[in-house]
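Visitor: I would like to learn how to read a protein model step by step. Could you take my questions as we look at one together?

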Amino acid sequence: MFRCSRIDNSLSRISRVDVTEKERNMYKKMIGFAVVFLFATAGNTYAYDVPMVTYKDVADQAWEKDYVYTLSALGIIEGYPDSRYHSEEALSREAFIKLLVATAKLDISHTSGIVPTDATGRWSAPYIAAASERHWIDFMVNEAGELKPEQPITREEVAAVVGKYLLDKVGTAGSQWTSGDWSKERDERAFADSSKINDNLAPYVFYTVNRTVMEGDNQGFRPKSGLIRSEAAAVINRLVDIEAAEKELEVTGFYAIKSSPAIGRMPLVDNVVMGWSHLEYDTEGTAKLGTDTTVFKVPDGYSDVVKSADQAHVHKELMVFYNDGKKLSAFLRDVPAQMAFIDQLVTKLGDPAFGLSGVSLDFEGLMDASDAPNYLQFVRDVNAAIGSKTLSVSVPTDYYYKGYDLKGLSETADTLNLMAYDFTHDDSNLPSAPLPLVRDGVERALRQGVPASKLVLGISKQANQWITTNGKTTTAGPSIDLVEKRLADPNASKTWSLPYFLKLIHYQDGSTANEIYYEDTQSIAKKIWLAKVYNLKGISLWHMGNFTASDWDTIAKR
C-alpha cells in the first residue's frame, strides 16, 4: 500500500497524437493537442500519457467549470491546441455523437453500423458507425443517405439521441414509454414551444427530459436552437451522473498500522482486511508468515477488533504484506520457500481466534515482466491451498510494474484491489492521485481483461507537501491530523485543484512557502463516483485510521 519507488527525473511535455495528421486537421477544434507527462531516466522512459490540462478560458466562477474538467478527467472531452475549451462555440453533429459513444464506452474498433456517404473516411466514422449500429442516429440521415456531420446539432437532436441511448439501456421496459407514456411528460412540462418538437422525436426528447439530462428555460425547450460546447459538457455530465447514481459499491477497509480510532466504523464497510502479517524471506528454501514484527503484526487487543467486525457481520481477510521487489522475485523462483509460507498461511487462516474468511495478498515491487508468470503461479497455489476461503490481490497500476498479469490474477482471485495512487513526481509537483491518472489506471486494467465486477478502486488517504525556502524545494508526507489542522487555519489558502481534483492548500511559514495536495472528503467523493462510473465492484480504503469523520459520512452515503 506504499509507493515502492520514486521516479525523480526531469519533466518534459509533449503533444499527444491520437489520430492521423489528416484526421487531426479535420478535427482540431475538438481533439487538439493534449498535454501529457513524460518522465525519463537513464535507459528508461516512464510515461503518463494522460491529458491534464488547465483551460485558460474556463474561469474559476464559470458555471460549466466542473462539467468541463470532470469530462476531461474521464477522457471524454479535450480542448483546443491553445489550451482553451471555447465554451461558446456550436457543437457539430459528429462531435456530439463522439461524446455520447465515448460516454457509453463502446468499442469503436468493431462496429457493423452503416456510415452515411458523407461521413465515410472522416475522423468521426467509427463513432458514427457505433451509433448507427444501435439506430441512435437514423433520424439524422436524409433521403440522400447524408448525415451532414459538420452541421451544428440542435437541442432536439441531442435530446433524441440521448433518449434513444437511455431507452436502449432499459430494453423492453421502454416500449410502454414510447407507445404513449411520453405524452404525460409532455403535458406536465407544458413547454411553450412543445408544438415545435418533431412528432417522431418527441418520445425520445421527453424521455431525456424525464431523466433530467436536459431541461427547458423561460423560453421553453428551444428544440431548434443549437447546442454550444459548455451545454454539451453539462448534458454529458448529467448523463454520467444519473447512471452512476444507480450503481452500488462494496467498501473494503484496510485495518492496518494506526487504525484503532476507526474500530467503530466497522458497520460502514462490507469487508475488512486486517493488516497483521507479512512475508519474511531471507534464506533460500524457507520463508515465514510473520505476525510479530514490523508494523504489519497482530496488535495488542486484536480480539476487540475481531469482535467488532463479527458484530458488524463484516467479511474478514488477513493481509500479507511484502514490498522488496528484488527479494520477492527470488522468492517466486523458490518453490520450497513458497510451500513453507503457504503451509503457515493456511494454519493462520484456520485459527479460530481470528475467524478469518480469506486472505489478501499485497506483494509489491515487481517491475520486470519475467516475474509475472511466477507470481501468477504462486497466487494460483495459494488459491488452491486455502480452499473455500476468499482471495484478494492488491496490484499497482501497470505504468512501471510489469510483473503482474492482471487478467490472469483476476481469473484466479475473487477480487483485484487496484492501488491507483502514488503517481507522485516531486520535481513537477505531481501529487499522489490526480483523477485523470486514476481513471487511466482503471481503464488500463479493464483493457487488459480484468472484469469490472472483480476490480476494486483503492483510495489512499494521504497528502503531498512541497516546501520552498530560498528557492530550494523539499518534499514531505504530512500526517492527516496536521493537514486537517492546517485546513482549519484561516490564514491558509484552500482551493479545489483542477485538473487534479484534489484539495490544494497554500500557506507561509515566515519566508517558507508551503503547498499541500490533499485527499480530502471532496476528492474521495469524486473517486467513489469514478468507481460507479466504471461499474466497479467497489472501493478500498487505505488505511481506515486515516479517514476523517467527514470522509466516513461520505463513504456511508455511497
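Guide: What follows is a short set of questions and answers about this predicted model.

Visitor: What is the mean pLDDT of the protein chain?
Guide: Confidence varies along the chain, since over residues 1–46 the pLDDT is below 50. Where pLDDT is low, the predicted coordinates should not be read in detail. For the protein chain, 92% of the residues reach 70 or more, and the mean pLDDT is 91.

Visitor: How far apart are the end C-alpha atoms of helix 6, and what span should its 15 residues have?
Guide: Helix 6 covers residues 175–189, and at 1.5 Å a residue its expected span is 21 Å. Helix 6 also has a kink of about 60 degrees, centred on Asp181. The distance between its end C-alpha atoms agrees with the expected span, being 21 Å.

Visitor: Which helices are included in what covers the buried residues of helix 6?
Guide: The buried residues in helix 6 are Trp177, Trp182, Ser183 and Glu185. What covers them includes helix 5 (155–170) and helix 7 (202–210).

Visitor: Is Glu156 buried or exposed?
Guide: The side chain of Glu156 meets that of Lys224 in a salt bridge, at 2.9 Å from N to O. Lys224 lies in the loop between helix 7 and helix 8 and Glu156 in helix 5, so the pair ties together parts that are 68 residues apart in sequence. Lys224 is partly exposed, with a relative accessible area of 49%. Glu156 has 6% relative accessibility, and because buried means under 20%, Glu156 counts as buried.

Definitions and conventions: Residues numbered from 1 in each chain as written. Predicted model: local features only at pLDDT ≥ 70, side-chain atom pairs only at ≥ 80, totals over all residues. Heavy atoms only, no water. Helix = DSSP H or I, 4+ residues; strand = E, 2+ residues; numbered from the N terminus. Expected span 1.5 Å × (residues − 1). Bend = angle between axes of the 7 residues up to and from the residue. Buried < 20%, exposed > 50% of the residue type's maximum accessible area, 1.4 Å probe, protein only. Contact = heavy atoms within 4.5 Å. pLDDT = per-residue confidence, 0-100. Salt bridge = Lys/Arg side-chain N within 4 Å of Asp/Glu carboxyl O.
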